[in-house]
Structures are given as structure tokens and as C-alpha cells.
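These are my notes from a session with one structure. I wrote them down in the order in which I looked things up.

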Amino acid sequence: MQISKYLSIIKVSMQDNLEYRFNFFTTFIFMIAPLAVHICLWSTVYGVGVSEANLSNYSYQMMITYTILGHCLDKFTGDVNLQLRVSSEIRDGVISKYLLLPVSYFNTNVSYLITNRMVYFVTLIIPYLLVIFCFRSQFMFNSDPMYFLIFTIAIPAAIFISFMVNHLIALATFWLKDVSSLYVFTQSTFSFLAGGYFTLDLLPTWAFNLLMHTPFPYILYFPAAIYMKKLDPGQIKYYGMIACIWIVVLLILNSIVWKCGVKRYSADGM
Amino acid sequence: MIKSIKKYLTIYYMFVRSCLMKEMERRGNFILMSITTSFLNLYFLFYYLVLAERLDNNFLGWGKNELLFFLGTEILCHSAFMATCFYNVFTLPDHVRTGSFDFLLIKPVNTRFLLSTRNFNFSTFSQVLFGIALTSYSYWKLGFKFSLPKLLLFIILILNSVMIMYLIGFTLMCLAFYFTRISSYGSVLPYRGFFAIYWFARRPENIFSSQVIQILTYVCPVLLIVNLPCKWMIRTTSPITIIWAFIFSIIFFLLSQVLWKKGLQKYESASS
């Protein structure tokens with residue numbers, strides 16, 4: 001009974017999202033530019049014979065795999081509109097209806113997230129497979145079933161962590177009124193801290209260790225590192241535990257901030 | 001002619017003044033935006049420092065200070081463009097879609113001028129200071145001597161880069177007149193298209209093969225944007241490339257004017 005409500009939301013949201021499939025496709029076409037530039041960059045760097053030891057023992061194949069996988073995960077895990085949507089719904093008083101309806105605002109957004117990610121996956125999987133096909137000689141294929149299984153588990157976790165961090169920031173609208181000015185800043189910060197600019201292994205050890213205790217690497221670096229077998233089972237277990245702790249912490253934080261925010265909420269625009 | 005230039009300069013001054021007054025009314029927002037934009041530049045600074053460190057101060061022949069100079073030039077071009085043009089030309093698709101473009105057409109000034117200059121963003125303009133500091137510091141560290149003619153041409157090349165960025169953005173935005181049927185994507189598509197093109201300008205040209213460099217200099221000349229001013233100051237560049245940069249701007253401006261005029265004829269004044 002509880003789940004059927006959210007399944008209905010998923011169904012309606014799916015129809016809504018499919019209308020915008022052209023948007024997803026064009027997003028991919030234009031987002032391919034940074035990927036092309038990064039591939040050119042690393043191809044030339046390795047082409048002049050740089051030592052792999054200087055790049056944290058990343059071979060050319062590993063670096064290209066990380067670049068493609070990082071780009072792909074960045075698109076799959078981050079819902080670019082969530083922060084702006086939730087923020088405007090709070091600002092414009094749209095959330096009032098969620099206070100009256102027998103559904104939770106957070107769970108409704110999770111339902112939207114599921115459909116949104118499913119549509120993204122269906123729409124973008126073929127273009128990304130084409131990219132991988134084009135770079136098949138440089139791309140590392142993981143044949144270890146155990147690592148691949150953990151990788152497939154790490155992706156939904158990454159999507160969920162990214163969602164909860166963005167949701168939490170959007171809830172700040174209860175206090176700041178408008179967080180849209182922070183949008184570009186937060187997206188770039190997350191991308192940088194998650195390993196979107198370059199693999200986090202290139203950072204000094206102290207910075208790497210510090211970052212791995214924040215939720216951001218689990219959005220991008222962690223799944224990619226698992227796929228490339230950059231982490232040993234002990235490290236996967238340890239970092240996996242940290243990721244789980246962050247999921248729980250972020251869930252609690254979202255719940256607390258929502259409750260405090262609703263107390264302040266004055267239903268502007270209603 | 002002189003009277004007309006004086007009139008437009010006065011109007012531009014009024015626009016900038018009103019934008020400054022508006023920004024100062026929301027000082028908190030201005031400070032917040034300036035700080036957050038600085039952070040974005042700091043990430044790139046960190047990115048180049050890590051690359052230089054990892055590659056023993058030799059990123060495809062570019063040392064740490066050369067990379068910092070390149071980044072400083074990129075920040076100068078990018079922030080000058082964002083402050084003066086971005087918040088103007090990128091509003092065109094919305095104006096066309098909603099029909100509010102009518103209000104620009106009825107004003108007793110050149111519509112293209114009005115559309116291209118109405119807003120001036122001071123919070124992104126503050127980053128120009130960051131760019132100046134970074135280029136000055138790295139130039140000094142590279143051991144070059146100060147030369148006024150060199151600096152003047154550098155500034156002119158930066159302004160030309162901003163002009164090329166404006167023309168790319170403006171041309172893409174003019175497509176809104178032609179693709180009104182996909183109105184919901186009117187602003188998203190050209191916006192993404194612009195930044196997709198700009199990505200190729202944001203890294204030193206050495207990452208591309210020599211054939212690609214030729215294409216990105218003479219056919220789709222995005223390398224004229226950041227790479228050319230940077231190379232003029234700290235490396236070598238041929239006078240032909242510099243002359244081409246100015247010729248390209250003039251040709252592109254004329255082409256964009258044709259596209260704009262034809263677009264105006266297609267404008268249907270939606271919802272009015």
C-alpha cells in the first residue's frame with residue numbers, strides 16, 4: 001500500500017521524463033566536448049613518454065578508462081535539476097501540498113530520482129557504449145565478477161549519496177530563500193571533490209585520505225576505482241563502510257533539516 | 001557618427017551604473033557570488049598545480065608558471081566575457097519564446113546593442129582582478145621584462161577573445177529565431193553548445209595534434225581565444241595568426257549581423 005503510492009509517482013514521472021529524451025540526447029552530444037578534451041590531454045601526455053610512477057601507477061589504459069567512466073558516472077549520478085527544482089518548490093510554496101498529502105516529500109523526490117536515472121540510463125547507455133567501442137583498445141574491461149558486482153552496487157549508492165547531498169543543500173532554501181546562486185558553485189565543488197577533474201589518486205596522500213572520509217569520492221571516484229581494481233578488498237570493505245555511514249548520516253540530516261525547515265516555512269506565494 | 005558613438009557610450013555608462021546600483025542593493029549576494037566564483041578558479045588553479053607537480057614541472061613543454069599564466073589569461077577572458085556579454089546575449093531565446101523581445105524592438109536604440117549590453121555582472125567581473133594577479137605573478141616568476149607595447153597588444157588580444165566569444169554566443173542565440181518549434185530547448189541548446197565549443201579553448205593547445213591545432217586556429221578558431229594572447233606574452237606566435245584573429249572577428253561579426261537581420265524578419269512576436 002505504502003509502496004504503491006510511490007510506484008504511481010514513478011509511472012507518471014517516467015512518462016514525463018520520456019517526453020524530454022531529446023534533451024538527454026543533446027546533453028550527451030554537448031557534454032562529449034570535455035570528454036574529448038580530456039582524452040586528447042591524457043593521450044598526448046602519455047604519448048610523450050611520461051612515467052606511470054609519476055601518475056600514481058596509472059597506465060594509459062587506466063587513465064582513459066577513468067576519464068570515460070568518470071564522465072559517465074558524473075552524468076549518471078548527478079541530477080542537475082534537483083537542487084533548482086526543490087529550491088524553487090520551497091520558495092514558491094509548492095511544497096504546501098506535500099504537507100497535506102499522505103506522501104513524504106523526500107520519498108516523492110526519491111521516486112522522481114529513480115525514474116529520472118532510469119531514463120538517463122536508457123537514453124545514454126548506447127552513446128556511452130559507442131564511446132567505449134571507439135576507445136575499445138584503450139578501455140579496460142573488467143572480467144572479475146566479484147569486482148563487477150561490487151561496482152554495480154556502488155553505482156546506486158553513488159546516485160543516492162549525490163541525491164541526498166543536493167537535496168540537503170536545496171533544503172537550505174528554508175533559511176536562505178534563494179540557493180540558485182550557489183548552484184554552479186556546489187556542482188563544481190562536488191565534481192572537483194568527487195574526482196571529476198582528475199583521479200583523486202593524483203592528490204597528495206594526506207588530501208586523498210582526508211577526502212575519502214567525506215561523502216564526495218563515493219559519488220564518482222569510488223565506483224570507478226572499484227571497476228579498475230585500484231582498491232584491494234580490504235580498502236573496498238573500509239571505504240564501503242564509510243559510504244554506508246554517510247548514507248545513514250545524510251538520511252538523518254535530511255530528516256532533521258526538513259523538520260526544522262517546515263517549522264520556519266511560511267508558504268510564500270500561496 | 002561621433003555624436004552617435006557618444007550617445008551609445010553614455011547609454012552603456014548608464015547601464016553599467018544601474019547594474020552597479022542594483023548589485024550594491026544586494027551586497028551580501030554580490031560578496032557571496034564573488035567568493036563562490038573565486039572558488040571555481042581555485043579548483044582550476046589546484047588542477048594545474050597538481051598536473052605540474054606530477055609531471056615534474058613539464059606539462060607537454062609547459063612549466064608550472066607558464067600553466068599559471070595560461071590559467072590567468074583564461075580567467076581574464078572568461079570573466080570579462082561573463083561580466084559583459086553572457087547575461088545579455090543568453091537571454092535572447094527567452095525573449096523570443098515569450099515575446100518580450102517586442103519591448104527591446106520598440107526602444108529608440110539599436111536593438112542588437114540593447115540586447116548585448118543591458119546587463120553588467122559585477123560579481124563575475126571581480127574575477128578579472130584574480131586573473132590580473134595570476135598573470136602578473138607568473139609573468140614575473142618567468143623572468144620576463146615589462147614591455148608596454150607587448151602588454152597593450154595582450155590587452156587588445158584579450159578584448160578580441162571576448163569579442164569572438166560574444167560572436168559565437170550571439171550566433172548560437174540567433175538560432176532561437178529559426179528553431180522556435182523546439183522552444184523549450186531554445187535556451188538550453190545554444191547555452192550547452194557554447195560551452196561545448198569553449199571547452200576546446202580552455203587547455204594549452206599542445207594537447208592537440210598539429211593537424212587539430214591548424215583546424216582549431218583557422219577553420220573553427222577557438223584557439224584564438226585564450227591560447228593566442230597567452231602565446232603572445234610568454235611564447236612565440238606568428239604575426240599571420242594575430243592578423244587572422246582580427247580578420248576573423250570582423251568576418252564573424254558581419255556574418256552574425258546577416259543572421260541577426262534575417263532572424264528579425266522571422267520573429268513572430270509570440271504571445272503578444
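Where is the place of B:Gly99? I found B:Gly99 in the loop between α4 (92-98) and α5 (101-105) of chain B. I note here that the model is a predicted one.

**Entry on B:Gly99.** I then asked whether B:Gly99 is buried or exposed. I counted 14 other C-beta atoms within 10 Å of B:Gly99, so I put this residue down as partly exposed. A residue needs 20 or more such atoms to be buried and 12 or fewer to be exposed. I also looked up the distance to B:Leu224: B:Gly99 and B:Leu224 are 125 residues apart in sequence, and their C-alpha atoms are 36 Å apart in space.

**Entry on α2 of chain B.** I checked the length of helix α2 (residues 27-54) of chain B, which has 28 residues. At 1.5 Å a residue, α2(B) should span 40 Å, and I read 40 Å between its end C-alpha atoms, which agrees. Which residues are buried in α2(B)? I listed B:Met33, B:Thr37, B:Tyr48 and B:Leu51. For what covers the buried residues of α2(B), I noted that it includes α3 (64-89), α7 (122-125) and α8 (127-141) of chain B. After α2(B) comes B:Asp56, and I read its phi as positive, near 50°.

**Entry on chain A as a whole.** I counted twelve helices and zero strands in chain A. From the N terminus on, I therefore wrote the elements of chain A as α-α-α-α-α-α-α-α-α-α-α-α. The radius of gyration of chain A is 20 Å, and the globule rule gives 18 Å for 270 residues; the two are close, so I recorded chain A as being as compact as a globular protein of that length. Along the principal axes, the C-alpha atoms of chain A fill a box of roughly 65 × 40 × 35 Å. I found that 31% of the 270 residues of chain A count as buried. Of the contacts in chain A with a separation of 6 or more, 83% are between residues 24 or more positions apart.

**Entry on the two chains.** How many residues of chain A are in contact with chain B? I have 25 residues of chain A in contact with 25 residues of chain B. On the side of chain A that touches chain B, the elements that give two or more residues are α2 (21-47) and α9 (183-194) of chain A. The largest share of that side, eleven residues, comes from α2(A). I sorted the residues of this side of chain A into 17 nonpolar, eight polar and no charged.

Conventions:
Residues are numbered from 1 along each chain as its sequence is written. Chains are lettered from A and ligands numbered from 1 in the order in which they are written. This is a predicted model: local features need pLDDT of at least 70, side-chain atom pairs count only at pLDDT 80 or more; totals for chains, interfaces and linings use all residues. Two residues are in contact if their C-beta atoms, placed from the backbone, lie within 7 Å. Helices (H or I, at least four residues) and strands (E, at least two) are DSSP runs, numbered from the N terminus. Ala, Val, Leu, Ile, Met, Phe, Trp, Tyr, Cys and Pro count as nonpolar, Asp, Glu, Lys and Arg as charged, and the others, Gly among them, as polar. The expected span of a helix is 1.5 Å times one less than its number of residues. The radius of gyration is taken over C-alpha atoms; the globule rule is 2.2 Å times the number of residues to the power 0.38.
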